[in-house]
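Subject: Structure handover

Hi,

Here is the structure I promised to pass on to you. Below it you will find my notes on what turned up when I went through it.

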Amino acid sequence: MACLCASVGCGALPTRASAQEDFPKRRAGLWETRSVGAQASGLPPTRTCVGENTDSAQNHLDRSVGTRGSCTLGAFRRAGKAWMAESTCREGRTVVTSRSIATGDFEASYRIDTLVSYDPPLGGVRREDKDALEATWLGPCAPGQQPGDMVVPGMGTLNMLDGGFRAEPPARGRAAERPRSNR
């Protein structure tokens, strides 16, 4: 949950954010994002269509700022040459706190490293989790994509701006393509 919301590497590169913007702003186009955490091995990357106005003060880096259920999601704010966001959620008796650090140029690539802490520890033993996401700009958005569309392989397309979901069409199985024999 908190690991998917948000990510320290090459922070010396400039960002597109101007003095009036207090949030990271990605280059418009198609971005591929993959989780690089050990637990994510084998997960396919997602592809998100970013428009000129997709990243705003209330919604940036595929994160909606504010209170959602039992969670408060903080905005990314400048922290030296990087960007930092903090979030707090309550899951039963456990308070889940995450700190995400975003670095990169937001023109060709960026990385988000996230540390999630549990108090008290989950199951009495798990105190923290670490996750990292790496994103790479691929070029223009695919035909038919709208700004905010995130394609999740095997599931469908979720629009990160309006919450709309379009399921992936069902795959045609081999059995459907071949006529059955009459043995």
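In β11, D131 is the bridge partner of T114. That pairing belongs to a run of 10 bridges that joins β10 and β11 in the antiparallel sense. The hairpin these two strands form has three residues between the strands, and G123 takes a positive phi near 60° there. Please keep in mind that this is a predicted model.

On to the neighbouring hairpin. Strand β9, residues 94–104, pairs with β10 in the antiparallel sense, again over 10 bridges. R99 stands opposite L115 in β10. Four residues lie between the strands of the β9 and β10 hairpin, where F106 has a positive phi near 60°. As general background, side chains in a regular strand alternate between the two faces of the sheet.

For the wider picture, the secondary structure comes to two helices and 14 strands. The chain has 183 residues, and buried residues make up 39% of them. Its accessible surface is about 10800 Å², with 54% of that belonging to carbon and sulfur atoms.

Now the interior. Which residues make up the largest nonpolar core? There are 12 residues in all: W31, V50, L61, F76, W83, A85, A102, F106, Y110, I112, L133 and A135. At least two residues of this core come from each of β8 (82–91), β10 (109–122) and β11 (126–139). There is also a second, separate core of six residues, including C71, L73, C89 and V96. You will recognise F106 from the β9 and β10 hairpin, where this residue takes the positive phi; F106 is also a member of the largest core.

The charged pairs may be of interest to you too. The structure holds 10 salt bridges, and I looked at three of them in detail.

One is D22 with R77, whose closest N and O atoms are 3.4 Å apart. Since D22 sits in the loop between α1 (2–5) and β1 (29–35) while R77 is in strand β7 (residues 77–79), the pair ties together parts that are 55 residues apart in sequence. How accessible are the two partners? D22 counts as partly exposed at 35% relative accessibility, and R77 counts as partly exposed at 38%.

Another is D55 with R26, where the closest N and O atoms are 2.8 Å apart. D55 lies in the loop between β2 (46–50) and β3 (59–60), and R26 in the loop between α1 and β1, so this pair links parts that are 29 residues apart in sequence. Are these two buried or exposed? D55 has 4% relative accessibility and therefore counts as buried; R26, at 2%, counts as buried as well. R26 and D55 are also linked with D62 in a network of salt bridges.

The last of the three is D113 with R111, at 3.0 Å between the closest N and O atoms. D113 is buried, with a relative accessible area of 18%, whereas R111 counts as partly exposed at 25%. The cut-off matters here: buried means under 20% relative accessible area, so D113 falls on the buried side.

Two further residues are worth a look in your viewer. M160 has its place in the loop between β13 (156–159) and β14 (165–167), and this residue is partly exposed, with a relative accessible area of 21%. Which residues does M160 contact, leaving aside its neighbours within four places in sequence? They are N59, D62, S64, G148 and M150. D62 appears here again, having come up in the salt-bridge network with R26 and D55. M160 and V50 are 110 residues apart in sequence, yet their C-alpha atoms are 9.9 Å apart in space. V50 is one of the residues of the largest core.

The other residue is T157, which is found in strand β13. T157 is buried, with a relative accessible area of 13%. Not counting residues up to four places away in sequence, T157 touches D149, M150, V151, G164, F165 and R166. M150 is thus on the contact lists of both M160 and T157.

Happy to talk any of this through.

Best wishes

Methods: Residues numbered from 1 in each chain as written. Predicted model: local features only at pLDDT ≥ 70, side-chain atom pairs only at ≥ 80, totals over all residues. Heavy atoms only, no water. Core = buried A, V, L, I, M, F, W, Y, C linked by side-chain atoms within 4.5 Å. Buried < 20%, exposed > 50% of the residue type's maximum accessible area, 1.4 Å probe, protein only. Salt bridge = Lys/Arg side-chain N within 4 Å of Asp/Glu carboxyl O. Contact = heavy atoms within 4.5 Å. Areas by Shrake-Rupley, 256 points an atom, 1.4 Å probe, with all protein chains shown as cover. Pairing = 2+ DSSP bridges.
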